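Please open the model in your viewer and keep the sequence panel beside it. The tour goes from one selection to the next and says what is there.

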Amino acid sequence: MFCLEQLVTTTVTQPVDMIKTRMMNYKDLYQGPLDCLRKIVRSEGLKGLYKGWVPNYARLGPHTLLTLTVYEQLRSFVGWKNL
């Protein structure tokens, strides 16, 4: 289940992350998120929205593992029972 969650999360959020990154790096090139989306799809196709998918997917695993581990440790330290 863990791998499936990572796969879905990365696939759904990657286009938004790509648009945000492009707009931050090339401020003068785009007039807004929709303009950025149109220009990426026109010049690179739909694949252009998924550039950087593999590093994003690889980053999500350790992040999730550490977050859940820290959460469980804090929960036991505070004395919370199962919710």
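What follows is a list of stops, each with a selection to make and a short description.

**Before the first stop**

This is a predicted model, in which local features need pLDDT of at least 70 and side-chain atom pairs count only at pLDDT 80 or more, while totals for chains, interfaces and linings use all residues. Residues are numbered from 1 along each chain as its sequence is written, and side-chain values use heavy atoms, with hydrogens and water left out.

**Stop 1: a patch on helix H1**

Select Val 8, which is found in helix H1, residues 2-25. Helices here are DSSP runs (H or I, at least four residues), numbered from the N terminus. With 46% relative accessibility, Val 8 is partly exposed. The terms work as follows: buried means under 20% relative accessible area, exposed means over 50%, and partly exposed is in between (1.4 Å probe, protein chains only).

Now add Leu 4, Leu 7 and Val 12 to the selection; together with Val 8 they form a nonpolar patch on the surface, with about 350 Å² of accessible area. A patch is made of residues with over 30% relative accessible area and no salt bridge; nonpolar side chains (Val, Leu, Ile, Met, Phe, Trp, Tyr) are joined within 5 Å, and like charges within 9 Å. The areas come from the Shrake-Rupley method with a 1.4 Å probe, and for residues only the protein chains shown count as cover.

**Stop 2: Lys 20 and Asp 17**

Select Lys 20, also found in helix H1. Which residue forms a salt bridge with Lys 20? The partner is Asp 17, and the closest N and O atoms are 3.5 Å apart. A salt bridge is a side-chain nitrogen of Lys or Arg within 4 Å of a carboxyl oxygen of Asp or Glu. Side chains of opposite charge can pair when their charged atoms come close.

Both Lys 20 and Asp 17 lie in helix H1, three residues apart, about one turn of the helix. Lys 20 counts as partly exposed because its relative accessibility is 44%, and Asp 17 counts as partly exposed at 26%. To look across the chain, measure from Lys 20 to Leu 37: their C-alpha atoms are separated by 9.9 Å, and the two residues are 17 apart along the chain.

**Stop 3: Tyr 30 in the loop**

Select Tyr 30, in the loop between H1 and H2. Is Tyr 30 buried or exposed? Tyr 30 counts as buried, because its relative accessibility is 11%. Leaving aside neighbours within four places in sequence, Tyr 30 is in contact (heavy atoms within 4.5 Å) with Arg 22, Met 23, Asp 35, Cys 36, Lys 39 and Ile 40. Tyr 30 and Ile 19 are eleven residues apart in sequence, with 9.9 Å between their C-alpha atoms.

**Stop 4: helix H2**

Select Asp 35, found in helix H2, residues 33-44. Asp 35 counts as buried because its relative accessibility is 15%. Not counting residues up to four places away in sequence, Asp 35 touches Leu 29 and Tyr 30.

Add Lys 39, which forms a salt bridge with Asp 35; the closest N and O atoms are 3.3 Å apart. Lys 39 and Asp 35 are four residues apart in helix H2, so about one helical turn separates them. Lys 39 is partly exposed, at 31% relative accessibility.

**Stop 5: a bridge between H1 and H2**

Select Glu 44 and Arg 22, whose side chains meet in a salt bridge of 3.0 Å, N to O. This pair links distant parts of the chain, with Glu 44 in helix H2 and Arg 22 in helix H1, 22 residues apart. Glu 44 is partly exposed at 28% relative accessibility, whereas Arg 22 is buried at 13%.

How many salt bridges does the structure hold? There are five salt bridges.

**Stop 6: helix H3**

Select residues 53-78, helix H3. H3 has 26 residues and reaches 37 Å from its first C-alpha to its last, close to the 38 Å expected at 1.5 Å a residue. The expected span is 1.5 Å times one less than the number of residues. The buried residues of H3 are Asn 56, Leu 60, Gly 61 and Arg 75.

Finally, select Gly 79, which follows H3 and has a positive phi, near 95°.

How values were computed:
Helices (H or I, at least four residues) and strands (E, at least two) are DSSP runs, numbered from the N terminus.
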